[in-house]
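Please open the structure in your viewer and keep the sequence beside it. The tour below goes from one selection to the next, with a short account of what is there at each stop.

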Amino acid sequence: MPPRLIRFYKPYGVLSQFTPEGRWQGLKDYIDLPGVYVAGRLDADSEGLLLLTDNGALQARIADPRFKMEKTYWVQVEGIPDEAALAALRQGVVLNDGPTLPARARLLEPAPALGPRNPPIRERKHIPTAWIELVIREGRNRQVRRMTAAVGHPTLRLVRAAIGPHTLQGLAPGTWADAEPGALAAYGAASAPMRRDKAEPRARRNARKPSG
């Protein structure tokens, strides 16, 4: 049987794991499927695309930063980034754990058609906001937020719009669907479905490495 790959539109306040913790919800409130596990992470205070699969090799292929799968983020930032700020993001910025790889960055005009966040973002009177699209190939802890802060534009809202060929198209917040027809062909031959006793330790290891 071919592996199963699920696209989920993770709302704000939901962890990238099935078990809730503290004030954050878990995936079990939205996904009732046996034997699927998260491939890659997204912070609880970020929104957008999360992938889940029942196949261990496919999970590793998607989540492992060595494969440098592109991730596309829509980022609402404080202030209006000028060309110098966008150029800095494209070239790579220096963070406390070293310089980032070059990224693709552009202003999103008009802003993406997203509903309001719950809870609403923090807004400061008389300070405008803007949306940028940022495409990166790394997955450091809270990397996107640190990158925008480094160029003087703190992140107010963060939505992951795509992971490689997979997008949010057709999904509403809190809903999921199987991957697009033909999408699995990009990963080569499928291996046997993931065994539960091997998958759960991997999921716990990955839980310590959020990328949004």
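In which loop is His 153 found? Select His 153, and you will see that this residue sits in the loop between α3 and β9, the latter spanning residues 155-163. Bear in mind from the outset that you are looking at a predicted model.

**His 153 and its surroundings**

Is His 153 buried or exposed? The relative accessible area of His 153 is 11%, and because this lies under the 20% cut-off, the residue is buried. Now show the residues around His 153: leaving aside those up to four places away in sequence, His 153 touches Val 77, Glu 78, Gly 79, Ile 80, Pro 81, Ala 85 and Thr 148. With Glu 78 there is also a polar contact to display, since the backbone oxygen of Glu 78 lies 2.8 Å from a polar atom of the side chain of His 153.

**Back along α3**

Select Gly 152 next, which follows α3 and has a positive phi, near 85°. Then select α3 itself, residues 143-150, where Gln 143, Val 144, Arg 145, Met 147 and Thr 148 are buried. To see what covers these buried residues of α3, show β4, α2, β5 (94-95), β8 and β9, which are included in that cover.

**The largest nonpolar core**

Met 147 leads to the next stop, as Met 147 belongs to the largest nonpolar core, a set of 29 residues in which Leu 52, Val 75, Leu 89, Leu 134 and Met 147 touch the most other members. At least two residues of this core are supplied by each of β1, β3, β4 (71-78), α2 (83-91), β8 (129-136) and α3, and the largest share, four residues, comes from β8. In soluble globular proteins, nonpolar side chains tend to be buried together.

Pick Leu 89 and display its contacts: not counting residues up to four places away in sequence, Leu 89 touches Pro 102, Ala 103, Ala 105, Ile 132, Leu 134, Met 147, Thr 148 and Val 151. Apart from the largest core lies another core, of 15 residues, among them Tyr 9, Leu 51, Ile 163 and Leu 171.

**Strand β1 and its partners**

Tyr 9 takes you to strand β1, residues 5-10, which is mostly covered, with six of its six residues buried. In a regular strand the side chains alternate between the two faces of the sheet. Turn β1 so that its side chains can be compared: Leu 5, Arg 7 and Tyr 9 point one way, whereas Ile 6, Phe 8 and Lys 10 point the other way.

Which strands pair with β1? Over six bridges, β1 pairs in the antiparallel sense with β3, residues 47-53, and over three bridges it pairs, again in the antiparallel sense, with β11, residues 176-178. Select Ile 6 to find both partners from one residue, for Ile 6 stands opposite Leu 52 in β3 and opposite Asp 178 in β11.

**The whole chain**

Finally, show the entire protein, which has four helices and eleven strands, and in which buried residues make up 49% of the 212 residues. Among contacts between residues at least 6 apart in sequence, 74% join residues at least 24 apart. If you colour by pLDDT, the mean for the protein is 87, and 88% of the residues reach 70 or more. As a last selection, take residues 189-210, over which pLDDT stays under 50 and for which the model has 35 contacts beyond four places in sequence.

How values were computed. Residues numbered from 1 in each chain as written. Predicted model: local features only at pLDDT ≥ 70, side-chain atom pairs only at ≥ 80, totals over all residues. Heavy atoms only, no water. Buried < 20%, exposed > 50% of the residue type's maximum accessible area, 1.4 Å probe, protein only. Pairing = 2+ DSSP bridges. Core = buried A, V, L, I, M, F, W, Y, C linked by side-chain atoms within 4.5 Å. Contact = heavy atoms within 4.5 Å. pLDDT = per-residue confidence, 0-100. Polar contact = N/O pair within 3.5 Å; in protein donor to acceptor, adjacent residues only side chain to side chain.
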